[in-house]
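Let us take a walk through a protein chain together, one stop at a time. Have the model open beside you and turn it as you read.

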Amino acid sequence: MRPFVKAFVTALAAIGYCTSAFAAETRVVPANRPSPIFFYYTAAEDTCYSGGKPKVHITRKPEHGSITSSWKPFRMGKESGKCAGKPMHGMLIVYKPDPGYHGTDKVSIIFSGAVMSGYLLRDKEWKVDITVK
């Protein structure tokens with residue numbers, strides 16, 4: 001895993017980006033290179049089990065770039081209580097602006113299909129406003 005992606009995954013896991021982070025978000029990314037913009041995972045607090053790999057549905061594609069997703073390993077952060085240090089996986093979302101583009105873009109994503117304690121988690125839509133500098 002490239003160093004900037006590994007550091008970003010580690011940082012997101014440490015601050016606990018998970019299923020509760022579906023409010024509208026804003027990201028500032030550099031021009032001319034891919035940037036991680038979101039990391040999604042589900043974990044049961046009582047068992048430390050993962051909700052599994054979700055399906056990623058891009059409901060609003062960016063007008064000035066592209067989105068990719070990949071399933072990445074990480075370890076739960078200290079704030080995860082008894083789950084701290086446990087190996088998990090999460091879905092890393094990366095935005096790549098079109099070459100030379102500077103300005104704003106928008107993306108909407110639905111994560112679906114994750115299961116927790118035998119129940120299918122409700123689909124949630126996540127929206128992000130991206131500024132490319």
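## A walk through the strands

Start in the middle of things: Phe38 stands opposite Ile93 in S5. Keep in mind that you are looking at a predicted model. The pair belongs to a wider link, for S2 and S5 are joined by 5 bridges and run antiparallel. S2 itself is mostly covered, with 6 of its 6 residues buried.

Stay with Ile93 for a moment. Setting aside residues up to four places away in sequence, Ile93 touches Ser35, Pro36, Ile37 and Phe38, and also Val56, Ile67, Thr68, Ser69, Ile109 and Phe111. Some of these names come back in the largest nonpolar core, which has 18 residues; Ile37, Ile93, Phe111 and Ile130 are those with the most contacts inside it. At least two residues of this core come from each of strand S2 (35-40), strand S5 (87-97), strand S6 (103-112) and strand S9 (124-132). The most generous giver is S9, with 4 residues. Apart from this core lies another one, of 9 residues, including Cys48, Met76, Cys83 and Leu92. As a general background, nonpolar side chains in soluble globular proteins tend to be buried together.

Now step back to see the whole chain. The chain holds 1 helix and 9 strands, and from the N terminus on its elements run α-β-β-β-β-β-β-β-β-β. Of its 133 residues, 40% count as buried. The chain exposes about 7500 Å², and carbon and sulfur atoms supply 54% of that area. How much of the contact within the chain, at a separation of 6 or more, comes from residues 24 or more positions apart? Such pairs account for 70% of those contacts.

Next, look for an open sheet. It is formed by 4 strands in the order S1-S9-S6-S3, with mixed pairing. At its edges are strand S1 (25-29) and strand S3 (55-60), each of which pairs on one side only. Neighbouring strands of this sheet are turned against each other by 30 degrees on average, direction ignored. Follow the edge strand S1 to its partner: S1 and S9 run parallel and are joined by 5 bridges. One place to find this link is Glu25, whose bridge partner in S9 is Val128.

Moving on to strand S6, you will find Ser112 there. Is Ser112 buried or exposed? Ser112 counts as buried because its relative accessible area is 8%, which lies under the 20% cut-off. Its side chain makes a polar contact with the side chain of His57, at 2.9 Å. Leaving aside neighbours within four places in sequence, Ser112 is in contact with Pro54, Lys55, His57 and Asp123.

For a last stop, visit Gly85, found in the loop between strand S4 (65-75) and S5. Gly85 is partly exposed, because its relative accessible area of 37% falls between the limits of 20% and 50%. Beyond its neighbours within four places in sequence, Gly85 is in contact with Arg75 and Met76. Met76 is a name you have met already, as one of the residues of the 9-residue core. How far apart are Gly85 and Phe74, C-alpha to C-alpha? They lie 8.9 Å apart in space, with a separation of 11 residues in sequence.

Conventions:
Residues numbered from 1 in each chain as written. Predicted model: local features only at pLDDT ≥ 70, side-chain atom pairs only at ≥ 80, totals over all residues. Heavy atoms only, no water. Core = buried A, V, L, I, M, F, W, Y, C linked by side-chain atoms within 4.5 Å. Buried < 20%, exposed > 50% of the residue type's maximum accessible area, 1.4 Å probe, protein only. Contact = heavy atoms within 4.5 Å. Pairing = 2+ DSSP bridges. Axes fitted to C-alpha atoms, helices over the stretch in contact; angles between N-to-C directions. Polar contact = N/O pair within 3.5 Å; in protein donor to acceptor, adjacent residues only side chain to side chain. Areas by Shrake-Rupley, 256 points an atom, 1.4 Å probe, with all protein chains shown as cover.
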